[in-house]
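I am opening my notebook on a new structure. I will look up one thing at a time and write down what I find.

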Amino acid sequence: MSHPAAPVTPVLNSRLPAVGTTVFTRMSALAVQAQAVNLGQGFPDFACERSLIQAVSDAMQADFNQYPMMSGAPVLRQAIVSKIVALYGHQYDVEREITVTAGATQALTTAILCCVHPGDEVIVIEPSYDSYVPAITLSGGVPVLVQMETGAGGYSVPWHKVAAAVTPRTRLIIINTPHNPTGSVLRASDLQALADIVRGSDILLLSDEVYEHMVYDGARHESVCRYPELAARAFVVSSFGKTYHVTGWKVGYVAAPASLMAEFRKVHQYNVFTVNTPMQHGIAAYMADPQPYLALPAFYQRKRDLFRAGLRDTRFELLPADGTYFQCVRYDKISGQTEAEFAEWLTTEIKVAAIPVSAFYLQGKESGIVRFCFAKQDATLTLALERLQKI
């Protein structure tokens, strides 16, 4: 009597063969193992406002627990439209030009998938958030990498190199301001340079603005929404998780002209379809008071200044941190290790976790820079600083 062969799982030809476990997952796991202060992964270690939780609870109790509209609960889309008008002066159509998403990463990926076809080129400015290139790969597009430059003023975008990277196959340019991981922000002159590049072309823009409410020293956030010429060709993405200290809720949104949004929703509806209902209603109710996001620059600038002051007399070289909740530092006066080696040493020996900036380059460029996250309780930052000051 013959016996059946042992079950065999077929070999899968990976759509993303170069992708492994993210550096954030690895460093957070190492931080736990080493019992280190985790200033690596970008999430707060403090609670959100209790009134926001109550607003979501109230929505559940009011039976907002079934599917909302695919584009998002109307009350939240209206709140988003009102906020954009108040802050940036641009009027989006609430029915056709706003979609609520399952976090900003889903919005970014969906925007790329809806407009990038096989062979299309997408300009990515490095260092860059790690989801951009995999999404381009999934779409069949070709990432065209332009690296930021570093000087006395920190990181900046070399727009002449962006312009030189444009070809007849360029479909999309991705920008990110305030910028993760560098903490730099685009100024009005940067947006004007971008406008000069795309004017008269069919190039689309994807503007990652998840840290829009974290711009410091009295500067304003230069949203693409402020510039009609750019807004007319842009998907603009933001994140309630970042704004309201609830990164685990994974609720964001995208704003775009109606013709672009129609294509976005075709992908969105067969990807996540829609986003959890009570949180949409809770966030909408909470947004009736703009103070929480209007106060955010001062809230995080105080933490930035606390962290920078604690590192000022160390051998770390502080790079400018004009936005986001990240601080990049050079460590060449401390070690000649690679960024990954130095980040692991910091985590295991000094007991403070950081992220190597090389992880934000497709080819892992070494710059001798690591990134800390200061979206932490003061006690967490103080403990981390005590350890870092001993190096």
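**Entry 1: a salt bridge**

Which side chain meets that of Glu212 in a salt bridge? I looked it up, keeping in mind that this is a predicted model. The partner is Lys83, with 2.9 Å from N to O. Side chains of opposite charge can pair when their charged atoms come close. I then checked where the two residues sit. Glu212 is in the loop between β8 (204-208) and α8 (228-231), while Lys83 belongs to helix α3 (residues 74-88). They are 129 residues apart, so I noted that the pair links distant parts of the chain. I also looked up the total: the structure holds 14 salt bridges.

**Entry 2: the sheet of seven strands**

Next I went to the sheets. I found 7 strands in an open sheet, in the order β2-β10-β9-β8-β7-β3-β4. The pairing is mixed. Strands of a sheet pair through backbone hydrogen bonds, either parallel or antiparallel.

Which strands stand at the edges? They are β2 (98-101) and β4 (142-147). Each has a single partner strand, so one side of each is left without a neighbour in the sheet. The twist averages 20° from one strand to the next.

I followed β2 to its partner. It pairs with strand β10 (residues 252-255) in the antiparallel sense, over 4 bridges. I picked out one position there: Val100 is opposite Tyr253 in β10. Helix α3 turned up again here. It lies across β2 and β10 and runs at about 115° to β2. This is the helix that holds Lys83.

**Entry 3: the sheet of four strands**

I turned to another sheet. Here 4 strands form an open sheet in the order β11-β12-β15-β14, and the pairing is antiparallel. The edges are β11 (317-318) and β14 (355-356). Each has a single partner strand, so one side of each lacks a neighbour in the sheet.

How many bridges join β11 to β12? I found 2, and the strands run antiparallel, with β12 covering residues 326-330. Leu318 stands opposite Val329 in β12. A helix lies across this sheet too: α14 (residues 339-350) crosses over β14 and β15 (369-373), at about 40° to β15.

**Entry 4: helix against helix**

Two packed helices are described by the angle between their axes and the distance between the axes. I looked up three pairs.

First, α2 (residues 50-61) and α11 (residues 277-286). Their axes come within 8 Å and cross at roughly 130°. The two helices are therefore oblique to each other. Their crossing is right-handed. On the α2 side, the contact includes Leu52, Ala55 and Val56; on the α11 side, it includes Met279, Ile283 and Tyr286. By class, the contact has 10 nonpolar residues, 3 polar and no charged.

Next, α4 (residues 104-115) and α5 (residues 132-139). The axes come within 9 Å and cross at roughly 30°. This crossing is right-handed. Leu108, Thr109, Ile112 and Leu113 in α4 meet a group in α5 that includes Tyr132 and Ile136. I noted 7 nonpolar residues, 2 polar and no charged in this contact.

Then α13 (residues 296-311) and α15 (residues 378-388). What angle do their axes make? They cross at roughly 15° and come within 9 Å. That makes α13 and α15 roughly parallel, because angles under 35 degrees count as such. The crossing is right-handed. Among the residues that meet are Arg302, Lys303 and Phe307 in α13, and Asp378 and Leu381 in α15. The contact has 6 nonpolar, 1 polar and 3 charged residues.

**Entry 5: backbone oddities**

I finished with the backbone. Where are the cis peptide bonds I looked up? One joins Glu126 and Pro127, with omega about 0°. Pro127 is in the loop between β3 (121-126) and α5. Another joins Asn180 and Pro181, with omega about 20°. Pro181 is in the loop between β7 (170-176) and α7 (188-198).

My last note is on His245. It has a positive phi of about 60° although it is not a glycine. I found His245 in the loop between α9 (240-243) and β10.

Technical notes: Residues are numbered from 1 along each chain as its sequence is written. This is a predicted model: local features need pLDDT of at least 70, side-chain atom pairs count only at pLDDT 80 or more; totals for chains, interfaces and linings use all residues. Side-chain values use heavy atoms; hydrogens and water are left out. Two strands pair if DSSP finds at least two bridges between them. Contact means heavy atoms within 4.5 Å. Axes are lines fitted to C-alpha atoms, for helices over the stretch in contact, and angles run from 0 to 180 degrees between N-to-C directions. Angles under 35 degrees count as roughly parallel, over 145 as roughly antiparallel, 65 to 115 as roughly perpendicular and the rest as oblique. A crossing is left-handed if the near helix is turned anticlockwise from the far one by less than a right angle, and right-handed if clockwise. Ala, Val, Leu, Ile, Met, Phe, Trp, Tyr, Cys and Pro count as nonpolar, Asp, Glu, Lys and Arg as charged, and the others, Gly among them, as polar. A salt bridge is a side-chain nitrogen of Lys or Arg within 4 Å of a carboxyl oxygen of Asp or Glu.
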